[in-house]
Amino acid sequence: MTYRIVSDSSSNIFNLNSEISYTTVPLKILVDGVEYTDEPGLDTEALVAKMEASQWGSSTSCPSPQEWMNAFDGADYIFGITITSGLSGSYNSALNGKEMYLEKNPDAKVYIVDSLSTGGEMELIIEKIAECMEKDMPFEEAVQTIQDYQTHSHLVFTLESLSNLAKNGRVSPAVAKVAGLLGIRFLGRASEEGTLQQAHICRGPKKTLTTTLAEMVKMGYKGGKVRIHHSLNLAAAEKLKNLILAEFPGADVRIVPCTGLCSYYAERGGMIIGFEDL
């Protein structure tokens, strides 16, 4: 039996530390008429700088069903995972790709996970899927295990800039400008429905980090896995990691740079943090 995990590129994970076959399908970002494919080699710093310099709104597009089907090719035990369906059509596209694949490979088993999240929480779910496959777990049992695990995985995020959101009409340009002038950071979380919600407004980087950890604990964090994905802000990610380890010395904390799609949403300085309450 051939196992495979397929993620869209919002997981920020292009390589998996596992013997299980793993691949990604890219989302795309359009800025000033130029399309950037979220794949290995994309210069995220140049992408963010282009977004910052643009006077116009930018946009994203999800992988096509054909791209998903192609990524499944040759495997017969497949888990696909997508960014939350609340932000993108990637989940529906993956479902269509699944149906196309099963028409040609009726004996295959394919399950598509709507992460209801992105970034760091997707990494945690991918790790759990790989763990199930490494144990040669029956497909239906693996599906149930992943569904159960999703009730114990969570996401919080911080934003230092609202510039791109303002250009795309999601927040007022005046609010974005004032936030930048006052050094205001926004701390949010992913809801159970997969929408992104504001939780706190913080003044300054130190307050943002301490409030982030406090919010994680409030949501049930007890010292389990944490995956910190950052957009051009390694220093803040390392400070958050140190804060977590100071309070939970045995925690498994990993830092990962955002690729294109998550850099688009998090902008410069943002962080997308997945953690479990186990």
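These notebook entries record what I looked up in a predicted model.

**Entry 1: the nonpolar cores**

I began with the largest nonpolar core, which has 25 residues. I asked which of its members touch the most other members. They are Ile5, Phe79, Val113, Ile129 and Met133. I then traced the core to its secondary structure elements. Strands E1 (3–8), E6 (77–82) and E7 (109–114) each supply at least two residues, as do helices H4 (119–134) and H5 (139–150). H4 gives the most, with eight residues.

I followed Ile5 in detail, leaving aside residues up to four places away in sequence. On that basis, Ile5 touches Leu16, Ile20, Ser21, Tyr22 and Thr23, and also Phe79, Ile126, Ile129, Ala130 and Met133. I noted that Phe79, Ile129 and Met133 appear both among these contacts and among the core members that touch the most others.

Apart from this core, I found another core of 20 residues. Its members include Val226, Ala236, Phe248 and Ala251. As general background, I recorded that nonpolar side chains tend to be buried together in soluble globular proteins.

**Entry 2: helices H2 and H3**

I next examined how H2 (residues 65–72) is set against H3 (residues 90–104). Their axes come within 7 Å and cross at roughly 55°. The two helices are therefore oblique to each other, and H2 passes H3 in a right-handed crossing.

I listed the residues that meet here. From H2 they are Pro65, Gln66, Trp68, Met69 and Phe72. From H3 they are Ser90, Ser93, Ala94, Asn96, Gly97, Lys98, Met100, Tyr101 and Lys104. Sorted by class, this contact has seven nonpolar, five polar and two charged residues.

**Entry 3: helices H4 and H5**

I applied the same check to H4 and H5. Their axes come within 10 Å and cross at roughly 150°. Angles over 145 degrees count as roughly antiparallel, so H4 is roughly antiparallel to H5. This crossing is right-handed.

On the H4 side I found Glu121, Leu124, Ile125, Lys128, Ile129 and Cys132. They meet Ala142, Thr145, Ile146, Tyr149 and Gln150 of H5. The contact divides into seven nonpolar, two polar and two charged residues. Ile129 takes part in this contact and is one of the core members that touch the most others.

**Entry 4: positive phi in two loops**

I noted first that most residues other than glycine have a negative phi. I then recorded two residues with a positive value.

Leu116 has a positive phi of about 55° although it is not a glycine. Leu116 is found in the loop between E7 and H4. Is Leu116 buried, partly exposed or exposed? Its relative accessibility is 29%, so I entered Leu116 as partly exposed.

Asp136 also is not a glycine, and its phi is positive, near 55°. I located Asp136 in the loop between H4 and H5. At 51% relative accessibility, Asp136 counts as exposed, because the cut-off for that class is over 50%.

**Entry 5: Glu141**

Last, I looked up Glu141, which has its place in helix H5. Glu141 has a relative accessible area of 43% and is partly exposed. I also took the separation of Glu141 from Ser191, which is 50 residues apart from it along the chain. The C-alpha atoms of Glu141 and Ser191 are separated by 26 Å.

Note on methods:
Residues are numbered from 1 along each chain as its sequence is written. This is a predicted model: local features need pLDDT of at least 70, side-chain atom pairs count only at pLDDT 80 or more; totals for chains, interfaces and linings use all residues. Side-chain values use heavy atoms; hydrogens and water are left out. A nonpolar core is a set of buried Ala, Val, Leu, Ile, Met, Phe, Trp, Tyr and Cys residues joined through side-chain atoms within 4.5 Å. Buried means under 20% relative accessible area, exposed over 50%, partly exposed in between (1.4 Å probe, protein chains only). Helices (H or I, at least four residues) and strands (E, at least two) are DSSP runs, numbered from the N terminus. Contact means heavy atoms within 4.5 Å. Axes are lines fitted to C-alpha atoms, for helices over the stretch in contact, and angles run from 0 to 180 degrees between N-to-C directions. Angles under 35 degrees count as roughly parallel, over 145 as roughly antiparallel, 65 to 115 as roughly perpendicular and the rest as oblique. A crossing is left-handed if the near helix is turned anticlockwise from the far one by less than a right angle, and right-handed if clockwise. Ala, Val, Leu, Ile, Met, Phe, Trp, Tyr, Cys and Pro count as nonpolar, Asp, Glu, Lys and Arg as charged, and the others, Gly among them, as polar.
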